[in-house]
Structure formats: structure tokens, C-alpha cells
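This report walks through a single protein chain, beginning with one histidine and its surroundings and moving on to the sheet, the charged pairs and the cysteines.

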Amino acid sequence: MSTPGRQQSLRIGVGGCGRMGQKHAINCSRIEGVKVSAVADEDMERAIALAHRIGATPYQSAEAMIAEGALDALVVATPPGQRLGIVMAATAARVAVLAEKPIALDMATAQALCGAAQKASVVNAVGFHLRYSSLTQRARALISGRRIALVRTLTTTGYYLKMDMP
């Protein structure tokens, strides 16, 4: 039973405890009103290490973590080829989802994931964090209406040199 006037913490799970999963888990754990309550990774040692660092429960699979039923939202930071089952389990459980980019490796899988989120009517997003940056908007304006045949390289090195950004 909650205390009147006191909001309960948003319970977050993180699937994938590699570099991006760790980054999301640590940043989320610093937000008032948010509790990273669970983390999952196929490499159980990695899940345990991150769980210990932020006070979460470790799991060897995101599906098992979701099945516990104690999450409000899930950050999916696994390799894209591993996301289908995780996102399907989360949306079926009505858990909000933030998936790292790219959402999938093929259009059929991406459409299945989007369809599942739409059908379950859960809050969902893909982490295209630079989508609205001034650099991206300028690039969009420069290439608007033009056919791009070959992209040799694109870098936003300055952004990535400051890796502590949430």
C-alpha cells in the first residue's frame, strides 16, 4: 500500500549488460523516482557484477526477468539479433520498452516488434539519441531531396569523446 502523496519508484529492467546496458542501468539508477530492479545477460558473471554495482537482481535471461512480473519498463541493450523474443515477452506483459538501435537486422523483424508494441499499446521507443541533434538536422537539410548513392563515412566523434552523457 502506497503512502498518500508519495510516488512509488518506476521499476526498470535492463536486458543486456554490455557497455550500453551498463550505461543505461547506471544512468537510470541515478534518476530520482527510478529503481533499476533487475538486469539480465547471457553472461551471468556480467549480470551479477552490474546487479551488485546498482543494487539489482541478476537474471540470465531477459525473458525470465520479465516473467517475474515486477517491471514497469525495460531497456533492451542486447545485440539486435537477440531482441525479438525479449521485446515480444515485454509487450505481452505490458512492459514499456526502450530498445537500442538498430531495432532489428531486417524489416520483417522490425515490423513484428513495432506491431507487438502497437497491439499491446505500450510506451515504446528506439534509442536514436542523435536524431534531433543540430548536427543531424543540418545533415538532413543538406541532403534533402537529393539521391545519396554512397556514404563513405560519417562521424560524430566529439559526442562520443564524452561517454558519460546520459
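Contact here means heavy atoms within 4.5 Å. The model is predicted, and the values below should be read with that in mind.

**A histidine in the first helix**

His24 lies in helix α1, which covers residues 19–29. With a relative accessible area of 17%, His24 is buried, because buried means under 20%. Once neighbours within four places in sequence are left aside, His24 is in contact with Val75, Leu98 and Glu100. The helix that carries His24 lies across β1 (10–15), β2 (34–40), β4 (73–76) and β5, and runs at about 155° to β2.

**The sheet**

Six strands form an open sheet in the order β3-β2-β1-β4-β5-β6, and their pairing is parallel. The edge strands, each pairing on one side only, are β3 (57–59) and β6 (124–126), and from one strand to the next the twist averages 20°. Strand β5, residues 96–99, pairs with β6 in the parallel sense over three bridges. Leu98, one of the contacts of His24, stands opposite Ala125 in β6.

**Charged pairs**

Side chains of opposite charge can pair when their charged atoms come close. The structure holds three salt bridges, which are set out below with the N to O distance and the relative accessible area of each partner.

| Acidic residue | Basic residue | N to O distance |
|---|---|---|
| Asp72 (27%, partly exposed) | Arg11 (33%, partly exposed) | 2.9 Å |
| Asp41 (7%, buried) | Arg46 (36%, partly exposed) | 3.2 Å |
| Glu100 (9%, buried) | Lys101 (30%, partly exposed) | 4.0 Å |

Which parts of the chain does the salt bridge between Asp72 and Arg11 tie together? Asp72 lies in the loop between α3 (62–67) and β4, whereas Arg11 lies in strand β1, so this pair ties together parts that are 61 residues apart in sequence. Glu100, the partner of Lys101 in a salt bridge, is also in contact with His24, and both Glu100 and His24 are buried.

**Cysteines**

A disulfide is a covalent bond between the sulfur atoms of two cysteines. The structure holds zero disulfides, which means that no pair of cysteine sulfur atoms lies within 2.5 Å. Cys17 is buried, at 0% relative accessibility, whereas Cys114 is partly exposed, with a relative accessible area of 45%.

Definitions and conventions: Residues numbered from 1 in each chain as written. Predicted model: local features only at pLDDT ≥ 70, side-chain atom pairs only at ≥ 80, totals over all residues. Heavy atoms only, no water. Buried < 20%, exposed > 50% of the residue type's maximum accessible area, 1.4 Å probe, protein only. Helix = DSSP H or I, 4+ residues; strand = E, 2+ residues; numbered from the N terminus. Pairing = 2+ DSSP bridges. Axes fitted to C-alpha atoms, helices over the stretch in contact; angles between N-to-C directions. Salt bridge = Lys/Arg side-chain N within 4 Å of Asp/Glu carboxyl O.
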